[in-house]
Protein chains: 2
Amino acid sequence: MNILRFDHTTADWVVYAPLRKLRPHHQQTSSVPSQESLRDTKEFCPFCPGNEKMTPAEIYAVRPAGSSGTADWKVRVVSNKFPALRIEEDHKRHDDGVTFQWMGGCGAHEVVIESPDHITSLGHQPIEQIELVLKTVQARYLDLKRDKRFQSIIIFENHGEGAGTSLRHPHWQIIATPVVPRLLRLKCNEATEYFDRTGDCLYRVMVEAEIKAKQRLIVGNDEFVAFVPYAAHLPFETWILPRRPQATWDSVEPAQIRPLAEILKTVLLKLYDALDNPDFNLTVDMAPRGDEDREYFLWHIRVLPRVSTPAGFELGSGMSINTTMPEDAAAFLRDGDVR
Amino acid sequence: MNILRFDHTTADWVVYAPLRKLRPHHQQTSSVPSQESLRDTKEFCPFCPGNEKMTPAEIYAVRPAGSSGTADWKVRVVSNKFPALRIEEDHKRHDDGVTFQWMGGCGAHEVVIESPDHITSLGHQPIEQIELVLKTVQARYLDLKRDKRFQSIIIFENHGEGAGTSLRHPHWQIIATPVVPRLLRLKCNEATEYFDRTGDCLYRVMVEAEIKAKQRLIVGNDEFVAFVPYAAHLPFETWILPRRPQATWDSVEPAQIRPLAEILKTVLLKLYDALDNPDFNLTVDMAPRGDEDREYFLWHIRVLPRVSTPAGFELGSGMSINTTMPEDAAAFLRDGDVR
């Protein structure tokens, strides 16, 4: 059973997904075959073509016209075999007294397999394949939003072991949550207050200021701009934002997919070259349900290279120590060659 | 120069400490001798007795009566050689327009070398040595607070490479910050609202509820109690709290040091045995300057084993996925043997 518990000290909901009934200490030393041990062998990779039966039921796929249930897919979406949250759970709140509140682990946890290719990372895929991935993720986002229990849709990719991935075959993940995460609520509140005070969108103002300042810009096109933000928390942290006023992917139009794929490819290849294929996480931050048409927010992609390890100061204070000035990171990324 | 920049999207101050002037990509591939390469050789360990000249100037030390500046210290405190924040910087706010605000990197960054022993971890030290460490950290905390520019004192230990430590010789760190970290302010606000609503301390109520519920308790004595909290964010996350109403270490009395050393030793040894010497971070969370005597808060030690890797979901949403129910973690810790 999946549940969430409320942490009164921080106002966070914490997800509990005790997937295996083994005793806790076995998590680290289990001799049972796990995702981990299958990680780098194509034969046993559940995401490789021909191994479709190794995954939970297919939710969505892009295939040549006329095909169905075959191994000739180009992008494939399945449920996560070890889900953080599940559609079958309810989202009732329960009160066990005093500081003990919990709710059902209602939500969804999907995997978007980027391509049939076991090795090639997203940045090295042809632009058409990146477009297919983005279109697929958007389609799943829109479909998941039809379930009104889901307050937020969290979209991300983990690349490399240091970034928390357990299966090498490149894939995105989508987790629908039955609550708005506190961090997202915080970001919305900060931007809403800015909007109430100034009548302007904080993110739009930031984009304009970064374009004017130039020194943290990496690349731009007619639809999008990529930069290392002025107050980046991590070395080489890179943001991609739209030039249109869009709070979520509800309003992203088909004509924007190609330029988004192009700027994402460029950013990923620049990071790949500059940092020698770093582990990284990629997240898509959007306004929560109900705020799709609000002016205060712009959705943004954050690419977060894992080149430093958060330690006691970060965990204790929540603050970050960044050893690379954003201007230096941007200059280095900007001037590097891109294939 | 150290500075902080304000992230308007989250209201976080981010610390910038570009310690080396090498180009950013050299951070990972530098051939210059670094802390890293010295990590596990006593001969070159700046924290081992006899190597006192390898550290910045000594700030504090516990030595036999009559000794001074010698290698016979029992606990030693020095400035961090690569500080996140520095006493010499100012804390003026600067406004470079629009979304670009920064301030001087004013603060302090000290290292508390736990003992002359290069290897032995804190939990395996004699109880008297743990007492010396705690007394020393408290003394440095009280001294740093005399500088009224410092709004918060962040106290932590990193144990193991996966927890972000770069020098093996066991040490605590103390960072004084010129701002109250946003996460700490959040915790204070949640607890203050609880106090305003109920007239009670959220942390005291939580301690009482955990004692009554029993199932997440690990160990207790007359002064302190240790448990895995109901909504623990991480597997085996363990908190130690005082039974007295104390918001900070300003009011911790000498008579409490021995029982604190005892409960800390027990917790560390239980985690060591249960998880086979896990990497971990330890933090001491306290109310910020000015709230030392407020009733809404209890200081608490959090021990955070690094047995899972936060990934895109955690970075994107700020929420945690915990695969171990707190009751299971506590039962396993409670029933394990302790040497």
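Two strands count as paired when DSSP finds at least two bridges between them. That idea helps with the first view and returns in later ones. Everything shown here comes from a predicted model.

**View 1. Strands β10(A) and β11(A) form a hairpin.** Three bridges connect β10(A) with β11(A), and the two strands run antiparallel. The turn of the hairpin that joins β10(A) to β11(A) is made of three residues. To find your way in, look for G220(A), whose bridge partner in β11(A) is V225(A).

**View 2. The hairpin belongs to a ten-stranded open sheet of chain A.** Reading across the sheet, the order is β3-β4-β7-β9-β8-β13-β14-β12-β11-β10 in chain A, with antiparallel pairing. Which strands lie at the edges? They are β3 (58–62) and β10 (217–220) of chain A, and each pairs on one side only. On average, neighbouring strands of this sheet are turned by 15 degrees against each other, if direction is ignored. As you follow any strand, keep a general rule in mind: side chains in a regular strand alternate between the two faces of the sheet.

**View 3. Strands β4(A) and β7(A) pair within the ten-stranded sheet.** Strand β4, residues 75–79 of chain A, is held to strand β7, residues 108–113 of chain A, by four bridges in the antiparallel sense. A handy landmark is S79(A), which stands opposite E110(A) in β7(A).

**View 4. Two helices lie across strands of the sheet.** Helix α6 of chain A, residues 254–275, lies across β9 (171–177), β10, β11 (224–227), β12 (238–242), β13 (280–285) and β14 (300–305) of chain A. Its direction is at about 15 degrees to β11(A). Helix α8 of chain A, residues 326–335, lies across β10 and β12 of chain A and runs at about 45 degrees to β10(A).

**View 5. Helix α8(A) has buried residues covered by both chains.** Which residues of α8(A) are buried? They are P326(A), E327(A), A329(A), A330(A), F332(A) and L333(A). Their cover includes β10, β12 and α6 of chain A, along with β1 (3–7) and β2 (12–16) of chain B.

**View 6. Helix α5(A) packs its buried residues against another helix and four strands.** The twelve residues of α5 (202–213) in chain A reach 16 Å from the first C-alpha to the last, close to the 16 Å expected at 1.5 Å a residue. Buried in this helix are L202(A), Y203(A), V205(A), M206(A), V207(A), A209(A) and E210(A). These buried residues pack against α4 (182–198), β10, β11, β12 and β14 of chain A. Just past the end of α5(A), K214(A) adopts a positive phi of about 70 degrees.

**View 7. A five-stranded open sheet takes strands from both chains.** Here the order is β5(A)-β6(A)-β1(A)-β2(A)-β15(B), and the pairing is mixed. At its edges stand β5 (93–95) of chain A and β15 (321–322) of chain B; each has a single partner strand, so one side of each has no neighbour in the sheet. Inside this sheet, β1 (residues 3–7) and β2 (residues 12–16) of chain A run antiparallel and are joined by five bridges. Look for L4(A), which stands opposite V15(A) in β2(A).

**View 8. K187(A) is a buried lysine in helix α4.** You will find K187(A) in helix α4 of chain A. Is K187(A) buried or exposed? Its relative accessibility is 4%, so K187(A) counts as buried. A polar contact of 2.9 Å links the side chains of K187(A) and H300(A). Beyond residues up to four places away in sequence, K187(A) touches Y203(A), D285(A), F297(A), H300(A) and R302(A), and also T9(B) and T10(B).

**View 9. D285(B) sits in strand β13 of chain B.** This aspartate lies in β13 (residues 280–285) of chain B. With 4% relative accessibility, D285(B) counts as buried, because the cut-off is under 20%. Its side chain makes polar contacts with the side chains of K187(B), at 2.8 Å, and T283(B), at 3.0 Å. Setting aside neighbours within four places in sequence, D285(B) is in contact with K187(B), F297(B), W299(B), H300(B) and R302(B), and with G316(A).

**View 10. Chains A and B are related by a two-fold axis.** A turn of 180 degrees, with a shift of 0.0 Å along the axis, lays chain B on chain A with an RMSD of 0.0 Å. That is how a two-fold axis relates copies. Of the interface residues of chain B, 100% are also interface residues in chain A, so the copies meet through the same surface.

Terms used: Residues numbered from 1 in each chain as written. Chains lettered and ligands numbered in written order. Predicted model: local features only at pLDDT ≥ 70, side-chain atom pairs only at ≥ 80, totals over all residues. Heavy atoms only, no water. Least-squares fit on C-alpha atoms with pLDDT ≥ 70 in both. Contact = heavy atoms within 4.5 Å. Axes fitted to C-alpha atoms, helices over the stretch in contact; angles between N-to-C directions. Buried < 20%, exposed > 50% of the residue type's maximum accessible area, 1.4 Å probe, protein only. Polar contact = N/O pair within 3.5 Å; in protein donor to acceptor, adjacent residues only side chain to side chain. Expected span 1.5 Å × (residues − 1).
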